[in-house]
Each structure stands twice: as C-alpha cells, then as structure tokens.
Amino acid sequence: QNFRSGGRPNGTPVELDIIDEYTFRLTFDEPYGAFTTKLAMRWVIGVAGIFKPRHYLEQFHIDYTSLEDMRDYLDEQELTDEWWVLFNTKDIGSWQIENRDAIGFPVLYPWMRVESPSGVTRLERNPYYFKVDTEGNQLPYIDRIESHHVSDLETGVMRTITGEIDYLRSISGLPHLPVYQENADRAGYRVTLYPRVLAAANLIINDTYEDPVWQELVSDIRFRQALSYAIDRQEVLDSVLLGQADLPEWVYEEYAQFDPQKAEALLDELGMTERDSAGFRLGPDGEPFDILIETHSDIPELLPTSELVVEYLQDIGLDVSMRHVAGEYLAQKRTANELQATVSYLHPGGWQDIFTDFLPG
C-alpha cells in the first residue's frame, strides 16, 4: 500500500512514467505527503523500494526465466511451480538485508549479508558503496559486523553484563536498564539512552489477511478505533518503559484516549453483541472471532507490551491470544500474508498507520 494514493490499501496505484535512461516520475492522483518521508526510511521503503537489481531478479521471474531453469531454487524453497513466491523471497526489502535469503542480493547499503557460521549473522563492507567522508575516504570504515544469536533474552543480558560484546541495541530495552546500569563499571561498558522518535510498541493489524470476515471487519474504521480506545498507553509507558518515554503526539488525539466503554460501544455498533460460552464476542456473522498477535521474542519492550495489549482487548470481549516468535519466522509469515497482527516498533511521521488508521474509509 506504500505505492497507493494516501498510503491506503484501497488507494489508486501510483503511475510510473519513464522519462529517459536516468529519470522517471511517480504520480499519485491525490496528495500523499508522507511518501517522501517513507522513501527516506530504510525500514519503510528506502532506496531498495524504488531501485531493484533487474539482472538478479530476472532469474526468478517467469517472463525472463523458465520454471525448468528455476527448479533448483524452487526445490530449495520447497516450492512446486509457485515462482511468484520464490520471486518475493528473493526480492529483498530494505528491512531484510540481514536475512539469509539476502546472501548474493546486490545492495546499495554500506554492508551486505554474506555466508556465516551457524548462530552468527555476518555483514561485510560493500566495496561499491557510494558514500565518502570529507577526506574522500570511502565509507563505511568498519569492514565486518557480526551479530551472534542467543537462545533467549536473558542470555543476551548475561553476555552484556560480562562484557562479551562490543555493542548492543535492539535487545537492550528499557526493562533491563537497571541491571545494565548496575554492572556497567565492572564490565567496562557505557549505558546510553538514545533520544529517538520511535514509538516503542504498537499494535499493527493486517487488513489483507485471507479471511473475508476478518477483512471486512478490520477495514471498518470503527473496529480500529475500538482497539485504540481499549489500550491504556499511560500504563504501558509507566510499567514497561519505566516512565522513560512520553506519550506520542497524535493527529487524531481523540482516539488515543483510554476509554474501554467507547471501545465496547463501537464493537456493539459493528454487530459483535453475541458472545460465546467463554464470554468472548462473536463476529458480525455469528461465528467465533479471534485475533492471534505474533511478536518478536528478541525485543524486550514488545513482550510485556503484547501481554498488556492482550489483556486490554480481552477486557472489551475480544478473543485475543499471543505468541512470541523469532524475527525471521515473523518475517516469513509477513511475506506469506499469514500474519494476523503483531506488536512492533512504529515511526511517527513515516509509517502509513499514523496518517490513515483513523481516517474514514
């Protein structure tokens, strides 16, 4: 939906005009101010969302390569003739460059994924990276980055406080801040709170999940407003983020208020008035309706936030459960459109949710 007007799933697709060998134009049929911001953000669209390595991807597209010539790749992915699934797997998004499937994919970023030992993700310096410093030295300075996998968050915490790693960010979240500070001098590291504009955790709903009842319900603005009213953001800030963050400034501030009664009234309006024997609301069609939230198991803030979100939504009568999964598994489910919902980071001012989730339509 990033390439549809307004960033909406039902927006008109962008029109592409090729002007000359080096110039093209993208035209939307209505204003779409967030688009340029998305282009600047690697985790949304980024450079790789616009420029694709044709010579590489042609290997996996039926217009250029026969199924017979793709057979080894299809077998490797345990596919029969689903070349489009293979193509989507090999078309590495900017947020996937650390994945194993990115090995061999041409990138415009400072580092590229290479073969790595088991339990390690290795990135090596891109020798063709186009940026230089003020002295004319090609960037990046660091030749290799290795990310060592750990079986659980506590192992990561232990390796940090014993001084076994050089840098820790994504799994170092605020819930572990006290223990990091307590051991910093002994282990010889610094604890720094980076100012950031990321909202630490957000409920994200997949409105294209392959269930017609689901699609109709979650595409109704009242349903999404009900979910928003049900969430106590201040409690998340205080209990999960230890009071070290501020509530976001929303364009649609009204719907960010914690008001379970309004949430229940909206669900009633949607026809979700009947309940099952466990007290959970049935769908508008009278059948059971449930939501599975699948969340990264390797980002500390997401786990307790997901647990709270489950409680909030159960309190308004929705049958909601959660599952902690590895990031790579989550990415695979997202690619296959098998993900109902997740709790993840959000970038205010860049992701489409901020601009469209509470708009009518």
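This briefing describes the overall make-up, nonpolar cores, surface patch and salt bridges of the structure shown above. The model is predicted. The protein chain has 361 residues, of which 40% are buried, and it contains 13 helices and 9 strands. Its largest nonpolar core has 37 residues, and its salt bridges number 15.

**Overall make-up**

- The accessible surface of the protein chain is about 20800 Å², and carbon and sulfur atoms account for 50% of this area.
- Among contacts with a separation of 6 or more, 57% are between residues that stand 24 or more positions apart.

**Nonpolar cores**

- In soluble globular proteins, nonpolar side chains tend to be buried together.
- Within the largest nonpolar core, of 37 residues, the members that touch the most other members are L203, F223, L267, I291, I293, L313 and L318.
- At least two residues of this core come from each of the helices α7 (212–218), α8 (221–230), α10 (260–269) and α11 (302–315), and likewise from each of the strands β7 (290–296) and β9 (341–346).
- Helix α11 contributes the most to this core, with 6 residues.
- When neighbours within four places in sequence are left aside, I293 is in contact with L203, V309, V310, V320, S321, M322, R323, A341, T342 and V343.
- Another core, of 16 residues, lies apart from the largest one, and its members include F60, L79, W83 and Y109.

**Helix α4**

- Helix α4 spans residues 83–90, and its buried residues are W83, L86, F87, T89 and K90.
- These residues are on the same side of α4, because they cover an arc of only 160 degrees around the axis.
- The packing partners of the buried residues of α4 are α2 (54–57) and α3 (67–76).
- W83, one of the buried residues of α4, is also among the members of the core of 16 residues.

**Nonpolar surface patch**

- L16, I18, F24, V47, F51, L108 and F130 form a nonpolar patch of about 710 Å² on the surface.
- F130, a member of this patch, is located in the loop between β4 (120–125) and β5 (144–148).
- F130 counts as exposed because its relative accessibility is 57%, and the cut-off for exposed is over 50%.

**N137 in the loop between β4 and β5**

- N137 is also placed in the loop between β4 and β5.
- With a relative accessibility of 41%, N137 counts as partly exposed.
- Apart from neighbours within four places in sequence, N137 has contacts with K131 and V132.

**Salt bridge between R100 and E115**

- Side chains of opposite charge can pair when their charged atoms come close.
- R100 and E115 form a salt bridge through their side chains, with an N to O distance of 3.8 Å.
- R100 is in the loop between α4 and β3 (111–114), whereas E115 is in the loop between β3 and β4, so the pair ties together parts that are 15 residues apart in sequence.
- R100 is partly exposed, at a relative accessible area of 40%, while E115 counts as exposed, at 55% relative accessibility.

**Salt bridge between E146 and R122**

- The side chains of E146 and R122 form a salt bridge at 2.6 Å, N to O.
- Because E146 is in strand β5 and R122 in strand β4, this pair ties together parts that are 24 residues apart in sequence.
- E146 counts as partly exposed, with 31% relative accessibility, whereas R122 is buried, with a relative accessible area of 17%.

**Salt bridge between R281 and D268, and its network**

- R281 and D268 are joined by a side-chain salt bridge of 2.8 Å, N to O.
- This pair links distant parts of the chain, 13 residues apart, with R281 in the loop between α10 and β7 and D268 in helix α10.
- R281 counts as buried, at 1% relative accessibility, whereas D268 is partly exposed, at a relative accessible area of 37%.
- R281 and D268 also belong to a network of salt bridges that links them with E264 and R275.

How values were computed:
Residues are numbered from 1 along each chain as its sequence is written. This is a predicted model: local features need pLDDT of at least 70, side-chain atom pairs count only at pLDDT 80 or more; totals for chains, interfaces and linings use all residues. Side-chain values use heavy atoms; hydrogens and water are left out. Patches are made of residues with over 30% relative accessible area and no salt bridge: like charges are joined within 9 Å, nonpolar side chains (Val, Leu, Ile, Met, Phe, Trp, Tyr) within 5 Å. Accessible areas come from the Shrake-Rupley method with a 1.4 Å probe; for residues, only the protein chains shown count as cover. A salt bridge is a side-chain nitrogen of Lys or Arg within 4 Å of a carboxyl oxygen of Asp or Glu. Helices (H or I, at least four residues) and strands (E, at least two) are DSSP runs, numbered from the N terminus. Buried means under 20% relative accessible area, exposed over 50%, partly exposed in between (1.4 Å probe, protein chains only). The arc is that of the directions from the helix axis to the C-beta atoms. Contact means heavy atoms within 4.5 Å. A nonpolar core is a set of buried Ala, Val, Leu, Ile, Met, Phe, Trp, Tyr and Cys residues joined through side-chain atoms within 4.5 Å.
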